[in-house]
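Me: Could you give me a close look at a single part here, please? By class, what residues has the surface near one DNA strand?

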Protein chains: 2
Amino acid sequence: MGTVSNVLNRPDTVSPPTRERVLTAIADLGFVRNESARHLRAGRSRTIGLLVLDIANPFFTDAARGVEEVANAQGLAVILCNSDGSPAKEAAHLEVLTEQRVQGVVITPTAELSTQLQALRSRGVPVVLLDRRAPGPDQCAVAVDDVLGGRLAADHLLERGHRRIAFIGGSGGLPQLQERHDGVVAAVREGTGAEDALTVLTPETLTVAGGREAAARILGLPAARRPTAAICANDLLAMGVLQEMVRHGVRVPEDFAIVGYDDIDYAAAAAVPLTSVRKPRVELGRRAAELLLDEAGGGTQDRPHVHEQLVFEPMLVVRESSMVRRPRRTVAS
Amino acid sequence: MGTVSNVLNRPDTVSPPTRERVLTAIADLGFVRNESARHLRAGRSRTIGLLVLDIANPFFTDAARGVEEVANAQGLAVILCNSDGSPAKEAAHLEVLTEQRVQGVVITPTAELSTQLQALRSRGVPVVLLDRRAPGPDQCAVAVDDVLGGRLAADHLLERGHRRIAFIGGSGGLPQLQERHDGVVAAVREGTGAEDALTVLTPETLTVAGGREAAARILGLPAARRPTAAICANDLLAMGVLQEMVRHGVRVPEDFAIVGYDDIDYAAAAAVPLTSVRKPRVELGRRAAELLLDEAGGGTQDRPHVHEQLVFEPMLVVRESSMVRRPRRTVAS
DNA sequence: CAACCTGTCTGAAACGTTTCATTCGATGCT
DNA sequence: AGCATCGAATGAAACGTTTCAGACAGGTTG
């Protein structure tokens, strides 16, 4: 009935007595609006999608908190999905989100921006990239300067006297890892002049298990070529490396230094507190959600939406896992 | 159009040529079904809700994986919500889930089972409790024998010679914590006969910060009354306790032993690997989702749904954080 | 040749909202 | 008193599916 709708949505247009009557009826019957019908009629839903690479990675749950906070404040529900880095799962989730007609999607995509994602955008559904740069100016993105992040980590280790460094996370695949890699490469080249100073390892997954696997491979290298430190593309990898090193009696940081990335809360609580590259985790999520809602709402009354590509500056947090100066040579401060 | 619907849902009832024609048209137009319209007509949605206490707690993300796995296999989407332990947020999320007409809800509720939750059930929406016992036989629940878990932890510490033990997590509030508390109390009473052997602390939150806070309070106690070990109601608390102890130069486990609960992956990776009470985290989620789907589907063709209250047995995993025997007295094995 | 299947396709109704035009009654103004 | 105006309530249409009854053509049977 029209009046019920008015009571719920424009209470002032209905007279107090009727309003009262309708409200008690609603309470008596336990009536709850049907969001699907609402959405169907309105043409727009009250939900947004959030699609992350790894729900078990605290970086993403922290970012998710930021997204939720902003969305809920606007009365929007968040559908949180996990692609586990698999393009197939990503595609399946995007399909579901499209069917749900979400108002927009915040996503940390797997490798290349999929055709699914392009299709979504060409349908007019706003998409904001999270922790990943936009490929062009026609799209919103909230990212971190990962080249700088890689540099910070590498410079720190070089300063401490390390001359053979491993980068764990691969050189292809995810662009954000690629950038971290590039920053490390540039810094190591400038710092040492040597081409072979850097060993790049590509673990199966970007998880604790992947870190253990990479550490095992490092330990398998002949001593003369074995790195004395590792920069890990995220903290989970770093924790895995740490575990494996400790398990083999390698002392961290005395025998082997470790630098992580993201600075999740557990990094500071690890067996050896981890040096890590800090990102504003929750803020990344918040800003992504804000950009998404602005785009979905077409901006504000006096300002149309303009696509923004936010890039935050990361910060190195030094902890025990890299605290020792290599004895071999002294270093200019 | 009816034919389109048939092509999508019962392809065999439509002749191959028309099917072809419709499919290419769908591809050309980029047509995607509208789930809201679908749901409105069908009367049931293709989503379930999952409402957890703390999305930042890896226990819940692991359980969420289990839920997602099962739900996705059935073509259902999961709306993952986070109450952060707040009844108000829980109520708000339940309201949204009700409006979305989810097929069911898997929930780890805050304190008492809210009227919202009762209302949901009386609407006929299945609700499965996760990591929490059902109050009666008229409801599904997937839980862990937390009294036993508490006992395992306490017996272990008693065996190691500890005679003053702290339980961190409070004695009221969440039933699952209450049970852990009760198990510890019973074991300590039986093991020592002393009434004052147990100190119960109730931190502000069940997080790492809460653990630090509790540890600070323990350190503030006069040495004669200060516990020599702590049993924490979850691993986050345990990690907080560990951090604060280390920060104050208290050696773990030599000066102070710690036992956690849940056995999240980070427990083994902590500064001092944590002894913890292990629960089948992912399996809990899987079974909860299975029970939910069975209830939502009214059982299977030859078997109606019967409510089940699953109780898993926890297992103590001993690691370094409790590995030292107290020197004071010897202990019967 | 008529009656009857059978396999396909078509069209209308229904789901639960919101919106908007319309109706109705009352009030104020001329 | 008659007319315009206003506020409040009503009713119908529309959103995009699915379902189901019906139409229609072509073939089979009696």
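Reply: Happily! In this count, Ala, Val, Leu, Ile, Met, Phe, Trp, Tyr, Cys and Pro are nonpolar, Asp, Glu, Lys and Arg are charged, and the others, including Gly, are polar. A residue is near a strand if one of its heavy atoms lies within 4 Å of it. This is a predicted model, in which local features need pLDDT of at least 70 and side-chain atom pairs count only at pLDDT 80 or more, while totals for chains, interfaces and linings use all residues. Residues are numbered from 1 along each chain as its sequence is written, chains are lettered from A and ligands numbered from 1 in the order in which they are written, and side-chain values use heavy atoms, leaving out hydrogens and water.

Let's take DNA strand C. The surface near it has six nonpolar, eight polar and five charged residues. Of the 19 residues around this strand, Ser5(A), Arg41(A), Val14(B), Ser15(B) and Thr18(B) come nearest. On the DNA side, sugar and phosphate make up 67% of the strand C atoms that come within 4 Å of the protein.

Both chains take part: helix 1 (2-9) and helix 3 (35-42) of chain A, along with helix 1 (2-9) and helix 3 (35-42) of chain B, each supply at least two residues of this surface. Helices here are DSSP runs (H or I, at least four residues), numbered from the N terminus.

Now for the phosphates and their polar contacts (pairs of N or O atoms within 3.5 Å). The side chain of Ser15(B) has an N or O atom 2.7 Å from a phosphate oxygen of DNA strand C. For the side chain of Arg38(A), the distance to a phosphate oxygen of the strand is 3.0 Å, and for that of Asn9(A) it is 3.1 Å.

Key:
A polar contact is a pair of N or O atoms within 3.5 Å; within protein, one must be able to donate a hydrogen and the other to accept it, and residues adjacent in sequence count only if both atoms are side-chain atoms.
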